[in-house]
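Biologist: I have this structure open and would like to go through some of its strands and loops with you. Could you bring it up on your side as well?

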Amino acid sequence: MAAVDNKRRVSKIDYQQLHNLSSVVLYDTPKKKLKTYPQTYNVERIIYRRKVRNDHEYLIKWEGWPLESCTWEPSSHLTPELLRNYDNPPRPSQVRLHEAGRQVYSAILSSLKSKSLAPAYIPMELDLWRYVSKNRGVDSDHKGFKLYKREELSLLNSLPNHWWYFLNDHGQGQAVKSPLKIKAVLSWTPAHQIYKDGKLIAAPRMPLEKLCVDILRRPCDADNLFEVEQ
């Protein structure tokens, strides 16, 4: 019988060729491209609009983000519904309307009590003001201002019936004379620096929304308070 060689035959391996083959597999094989989608955020409200060249930009308050994270966005970034809602905003919550009415009442009363004739600046979220003033008021001679009758503020339903006059202990005082001259104003917190992680950096700035109200007033007392204005 022929002898059987039980030793396993080992093929000679070219390690350089194996290395080259591995390199091709690892680096030259096309990778599958994963679909990517732009990250989207929910709009809480649109604060303001400004003209930029032939387009508009909108100042957006993002849902769940603080005011210092507001950004200006071109109209192409907003849906048609959001663009329509700028001029025709949906009804605000009762809580927001109540707070706005409280701010107006407090500011008007303080202005009538004061001897100063300077306009009153009233904190007011501007999308809420667009809802209240929608289809109301007429253009004033002063740029940006509109004229409103007292009753046109009726949507601020938390305003008490006596919001438009102030009487002292002697029954004398001042009353708002229609029309009120009102302008929506957007400004920003002052630029300043803060320390963060041991470094001096620019502090984030927040938009400040308010109304500038130029109040025409007339002297009044208990006898002439409800006289028809001329």
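Modeller: We can take the sheet at the start of the chain, then a strand further along, and then a few loop residues, keeping in mind that this is a predicted model.

Biologist: Good. In what order do the 3 strands of the open sheet come, and how are they paired?

Modeller: The order is 1-2-3 in an open sheet, and the pairing is antiparallel. Strand 1 and strand 3 (71–74) are the edge strands, each of them pairing on one side only. On average, neighbouring strands of this sheet are turned by 35° against each other, if direction is ignored.

Biologist: How many bridges join strand 2 to strand 3?

Modeller: There are 4 bridges between strand 2 and strand 3, which run antiparallel, and within strand 3 it is Pro 74 that serves as the bridge partner of Glu 57.

Biologist: Moving on to strand 4, which side chains there are buried?

Modeller: In strand 4, which covers residues 120–123, Ala 120 and Ile 122 are buried and point to one face, whereas Tyr 121 and Pro 123 point to the other face and are not buried.

Biologist: Why would the side chains alternate in a strand?

Modeller: That follows from the general pattern, because side chains in a regular strand alternate between the two faces of the sheet.

Biologist: And which residue stands opposite Tyr 121 in strand 12?

Modeller: Cys 212 is the residue opposite Tyr 121. Strand 12 spans residues 207–214 and runs antiparallel to strand 4, with 4 bridges joining the two.

Biologist: Now the loops. What is the phi of Arg 53?

Modeller: Arg 53 has a positive phi of about 55°, although the residue is not a glycine, and its place is the loop between strand 1 (43–52) and strand 2 (55–62).

Biologist: Is Arg 53 buried or exposed?

Modeller: Its relative accessible area is 76%, and exposed means over 50%, so Arg 53 counts as exposed.

Biologist: What about Asn 135, where is that one found?

Modeller: Asn 135 sits in the loop between helix 4 (126–133) and strand 5 (138–139). Asn 135 is not a glycine either, yet has a positive phi of about 60°, and at 79% relative accessibility Asn 135 is exposed.

Biologist: Last one: which peptide bond is cis, the one from Ser 178 or the one before it?

Modeller: The cis bond is the one from Ser 178 to Pro 179, with omega near 0°, and Pro 179 lies in the loop between strand 8 (172–176) and strand 9 (180–188).

Notes: Residues are numbered from 1 along each chain as its sequence is written. This is a predicted model: local features need pLDDT of at least 70, side-chain atom pairs count only at pLDDT 80 or more; totals for chains, interfaces and linings use all residues. Side-chain values use heavy atoms; hydrogens and water are left out. Buried means under 20% relative accessible area, exposed over 50%, partly exposed in between (1.4 Å probe, protein chains only). Two strands pair if DSSP finds at least two bridges between them. Axes are lines fitted to C-alpha atoms, for helices over the stretch in contact, and angles run from 0 to 180 degrees between N-to-C directions.
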